[in-house]
Amino acid sequence: VFNQTYVEEGLFDEEEDNLQGVLQVFRVFKLARILKLARHSRGLQSIIFTLTQSARELGLLIMILVITGLIFSSLAFYIEQGEDSGFTDIPTAFYWVIITMTTVGYGDIFPVSGLG
């Protein structure tokens, strides 16, 4: 009985995964339909035009954010390494840097040392 139940549950998981895949395909089609409606909206056309014209500058901005984020997250990790501040690794410190640079910060991770 246990093996039969296990097999049935395994089949149910496969069917559930297949259903999730089908739903994902429908979500992609829905997104394509919304993008097709952009032809009729002057506002969406202007946003798309602006993004395509400034793609190089946006790429540069993202690159600068990533480079400075890596530098400051490495510094923050090594400065706060001995403290109990939540900086457990460099990716966690990178999360803190990005959240701090783009918003006011969530307050879940913060430096506690004087240099931090």
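Begin by selecting Ile79, which is partly exposed, with a relative accessible area of 35%; as everywhere on this tour, what is on display is a predicted model. Ile79 belongs to helix H3, which covers residues 55-79. Because its relative accessible area of 35% lies between the limits of 20% and 50%, Ile79 is classed as neither buried nor exposed.

Next, keep Ile79 selected and add Leu60, Met63, Ile64, Ile67, Ile71, Phe72, Leu75 and Leu115, with which Ile79 makes up a nonpolar surface patch of about 870 Å². Showing these residues as a surface will bring out the patch to which Leu115 and Ile79 both contribute.

Now stay on helix H3 and move to Ser73, which also lies in this helix. Is Ser73 buried or exposed? Ser73 counts as buried, because its relative accessibility is 0%, whereas Ile79 in helix H3 is partly exposed. To see what lies around Ser73, display Ile90, Ala93, Phe94 and Val97, the residues with which Ser73 is in contact once its neighbours within four places in sequence are left aside. A distance may then be drawn from the C-alpha atom of Ser73 to that of Phe87, a residue 14 positions away along the chain, and the separation comes to 9.2 Å.

The next stop is the meeting of two helices. Two packed helices are described by the angle between their axes and the distance between the axes. Select helix H2, residues 42-53, together with H3: their axes come within 4 Å of each other and cross at roughly 65 degrees. Which residues take part in this meeting? On the H2 side they are Leu51, Thr52 and Gln53, and on the H3 side they are Ala55, Glu57 and Leu58. By character, the residues of this contact between H2 and H3 divide into 3 nonpolar, 2 polar and 1 charged.

Finally, clear the selection and look at the whole protein, whose secondary structure comes to 4 helices and 0 strands, following the pattern α-α-α-α when read along the sequence. Of its 116 residues, 13% count as buried, and Ser73 is one of the residues that count as buried. The accessible surface of the protein comes to about 9600 Å², with 66% of that area belonging to carbon and sulfur atoms. Among contacts in the protein with a separation of 6 or more, 41% are accounted for by residues 24 or more positions apart.

Conventions:
Residues numbered from 1 in each chain as written. Predicted model: local features only at pLDDT ≥ 70, side-chain atom pairs only at ≥ 80, totals over all residues. Heavy atoms only, no water. Patch = residues over 30% accessible without salt bridge, like charges linked within 9 Å, V, L, I, M, F, W, Y side chains within 5 Å. Areas by Shrake-Rupley, 256 points an atom, 1.4 Å probe, with all protein chains shown as cover. Salt bridge = Lys/Arg side-chain N within 4 Å of Asp/Glu carboxyl O. Helix = DSSP H or I, 4+ residues; strand = E, 2+ residues; numbered from the N terminus. Buried < 20%, exposed > 50% of the residue type's maximum accessible area, 1.4 Å probe, protein only. Axes fitted to C-alpha atoms, helices over the stretch in contact; angles between N-to-C directions. Contact = heavy atoms within 4.5 Å. Nonpolar A, V, L, I, M, F, W, Y, C, P; charged D, E, K, R; others polar.
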